[in-house]
Structure formats: structure tokens, C-alpha cells
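Me: Could you take a close look at the surroundings of the ligand for me? I would also like to hear about the empty spaces elsewhere in the protein.

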Amino acid sequence: MRDLRNSVVVITGASSGIGRAAAFAFAERGSRVVLAARRAEALADLARDCRKLGGEALAVPTDVTDASAVEALASAAYHAYGRIDVWINNAGTGVFGPYQDAPLDLHHRTIAVNLLGGMYGAYAALPHFLRQGRGTLITNISLGGWAPAPFAAAYTASKFGLRGFTASLRQELRRHRDIHVCSVFPAMVDTPGLDHGANVSGRTIDTGPLVYAPEDVAETFVHLARHPHDEVAVGWPARAAQVAYALAPGPTEHLMGIAIHSALDRANPAPRTHGALRAPLGDTPRASGGWRARKGVPSARPLSVAGAALVGGAALLALGWRARTSSREYPQGR
Ligand code: NDP
């Protein structure tokens, strides 16, 4: 599907951050966007803004943890426009902090929104794709689906789960050559997402210096709608994490553990918050979280040399690590 004009694109988590940027990106290309999230008013305003860009737009308030609501979202898209060309599973959230310190319902909610929400999306979209003989399912996973992030255990579980789910589905559908299952793995992105997640660490959270724009991910979705690929990284840190974890899972986990523990040790105290997990916040809907402006980060891309260095370092560490673990596994005398 090279020309996106009049294509029907369903986007979950459209009210904020990456989903909002994606709504604009597809509307600019003349797509008919079907916008889903919990906040009805934010979606109605967004639909108006998308129409001004030249696209058609339909707002369908939806909680993705409710399978029947996701089914109703698919039906609304079909009844309005007669088909579904692209379905983007993007709604997501998380809990940051020691696993045992967060109320269990927040972990449950993280799994329900990220993993089950994505599974319900696929369940609702696939019958349309199969009937049409074509369609593209795009799931926004995360660097966290390739390498585990400490103090984000439920988030990591949900994103590892989504990676397995989409990989399995892709092979299941392999005989349908015009049905595609694409998985997207962004590095850190400048969105309001950190404020919307829960933070029980008692410390401020920071994106770090390598922050991508929500529009970078949105353009990746647009590219995938035109040229589907199985798995795509957004930003070199995501690719580096993938390669490092594949080459050397032990050292990569170890390094991530050291990095995040030491960042937490240095972070300022902050109140504990449950973010928007139980109910949406009343903040002004926007795509950017303002991180790049505050940090004066123009673009994270020029640092790709550092990415190569990280991968190389992980490979070297892997060799050392393997040498150590194999001597432990086969002690003297064997
Ligand atoms: P935002 O918080 O800005 O956006 C999250 C969106 O999900 C909002 O539109 C929110 O809308 C919606 N949402 C949350 N809960 C539900 C629910 N129960 N039902 C329906 N919609 C819901 O965060 P981001 O844009 O950063 O996150 C978007 C996706 O990108 C997530 O899957 C995230 O894991 C992933 N990602 C983000 C990265 C980052 O650094 N920001 C990096 C890698 C991946 P509402 O509150 O109105 O329901």
C-alpha cells in the first residue's frame, strides 16, 4: 500500500505521545484515522485537528483492557469506512520502582493494557484482514521487549510477551502474503509517558540524554504501512540493546542493572505516584513530553558511533563472560 490516501488506520493510545503523533502523520497523508484511548474529549479535539490536515477522522473512546470495547472499536471503523487497512496497537503504560513496592493492581493493569490490549487488538483486527485478504498489524513494543529493564518488571514482562505474541502470530499468518505483522522497538521517546506511568521508586525518573521524537516513531509506522517489515528498531540504542542482549544476555542485564541502580542512587527524591494507570489524568493532551526542549537535545542520531561501541563492548564482555561461565560449569578434573 504505497498511497495512504483513504486508507483506514486504527490507532490505540491516540490521545497522547506517540499515538497522537501517529494520528497527525497518517492524517497528513489523507488517511482515515480511527482514534482510540480512554479520554473522549481529547480524542474529539484530536479528530477535529486531523480533519483540518485533510484526513477523515473518527474518535472512538475505548479502554483497551476491555475486549468487547476493542471489538466495538473494530466494528466502528468497519461500519464507518468499510474496511481496516492498518491497526496500530500503541496504547501502553508501566510501573517504575521496586516490584514489591507497587500495589499489585498496578502491575496487573500494566499487563492488561500493554499485553492483553495488544492481543485484543489483534483478535479484533484479524477477522477483517482475513476477510479482506490484506491488512497490516503494527504493534508498538519497546527496547524493553528486547532487553529487560530493572525496576520495570511488569513492563518488561508485557513487552517480552508482546514480542513473543507478534512473532508467533507472524508465522501463523505466513501463508497470507498480504497480511503483515510488524513489531516496533523504540528507544527512549520524548512523550508524556513517564508522567502517565506509575512511579513508586520515591525518586525522579529521567529519560537520559538519548531521546527520540514521537514523530520518529510515527514516521516508522507510516513507513511500515507502506513497506511492512517484521521487526524494526527506532533509534540506535534500541538496535544496540537488541544486538547486545542477543550476543551477551548476562553482561547486558548486568550493565543495565548497574546503570539503573546508579541512576536511581543519584536521582532526587520524588513523591510516589500511580500516574494514569487507574484513571486518565487531566493533563493537556500533547505528543511531546518536553524532555528534548528542556535538555536541548536536537537529535539522538549522531551518536551512532557510541551505539557501535556499545555493541562492540557487549561482544567483548560476552567473550569474557562465556569464558568465566564455562569454567564454572566444567570444573577441574572433568
Ligand atoms: P503516553 O502516555 O503519552 O501515551 C499512552 C497512550 O495510551 C495515551 O493515549 C493513553 O490515553 C493510552 N492509554 C493508556 N491506558 C489506556 C487504556 N487502558 N485504554 C486505552 N488507551 C490507554 O505514552 P507514549 O506515547 O510514550 O507510549 C505509547 C506506546 O509507546 C506505549 O506502548 C509505550 O510502551 C511505547 N513506548 C514508549 C517509549 C517512550 O520512551 N515514551 C519507548 C518505547 C516504547 P488515555 O489516558 O486517554 O487512555
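Reply: Happy to! Sorted by class, the shell around the ligand holds 14 nonpolar, 12 polar and five charged residues. Please keep in mind that this is a predicted model.

Let's start with who sits beside the ligand. There are 31 residues around the ligand, and those that come nearest are Ser-16, Arg-38, Val-189, Thr-191 and His-196. Four helices each supply at least two residues of this shell: H1 (17-28), H4 (104-132), H5 (153-172) and H6 (193-196).

Now for the backbone contacts. Val-189, already named among the nearest residues, places a backbone N or O atom 2.7 Å from an oxygen atom of the ligand. For Gly-13, a backbone N or O atom is 3.1 Å from a ligand oxygen. Gly-17 has a backbone N or O atom as well, at 3.4 Å from an oxygen atom of the ligand. As for how much of the ligand is covered, it exposes 880 Å² when taken alone, and the protein buries 94% of that.

Next, the empty space inside the protein. Rolling a probe the size of a water molecule over the atoms shows where such space is left. The search gives one cavity of 30 Å³ or more, and the largest cavity holds about 40 Å³ of space. Its lining is made up of Thr-12, Val-64, Asn-89, Asn-90, Ala-91, Val-113, Asn-114, Gly-117 and Gly-118. Helix H4, which also supplies at least two residues of the ligand shell, gives the largest share of this cavity lining, with four residues. By class, the lining has six polar and three nonpolar residues, with no charged ones.

There is also an open space to look at. The second largest pocket has a volume of about 160 Å³. Around it you will find Arg-170, Leu-173, Arg-174, His-176, Arg-177, Ile-179, His-180, Val-181, Pro-228, His-229 and Asp-230. Strand S7 (residues 179-186) gives the most to this lining, with three residues. Here the classes divide into four charged, four nonpolar and three polar residues.

One last stop is the aromatic rings. The count comes to three aromatic pairs. One of them joins Phe-96 and Phe-151, a tilted pair with 6.2 Å from centre to centre and 50 degrees between the planes. This pair links distant parts of the chain, 55 residues apart: Phe-96 belongs to strand S5 (residues 95-96), while Phe-151 lies in the loop between strand S6 (135-140) and H5. Helix H5 brings us back to where we began, as one of the helices that supply at least two residues each to the shell around the ligand.

Notes
Residues numbered from 1 in each chain as written. Predicted model: local features only at pLDDT ≥ 70, side-chain atom pairs only at ≥ 80, totals over all residues. Heavy atoms only, no water. 1 Å grid on protein atoms, 1.4 Å probe; cavity = no way out; pocket = protein on both sides within 12 Å on 5 of 7 lines; lining within 4 Å. Points joined across faces, edges and corners; volume = space filled by probe spheres on them. Nonpolar A, V, L, I, M, F, W, Y, C, P; charged D, E, K, R; others polar. Near = heavy atom within 4 Å. Polar contact = N/O pair within 3.5 Å; in protein donor to acceptor, adjacent residues only side chain to side chain. Areas by Shrake-Rupley, 256 points an atom, 1.4 Å probe, with all protein chains shown as cover. Phe/Tyr/Trp six-rings, centres within 6.5 Å; stacked < 30°, edge-to-face > 60°.
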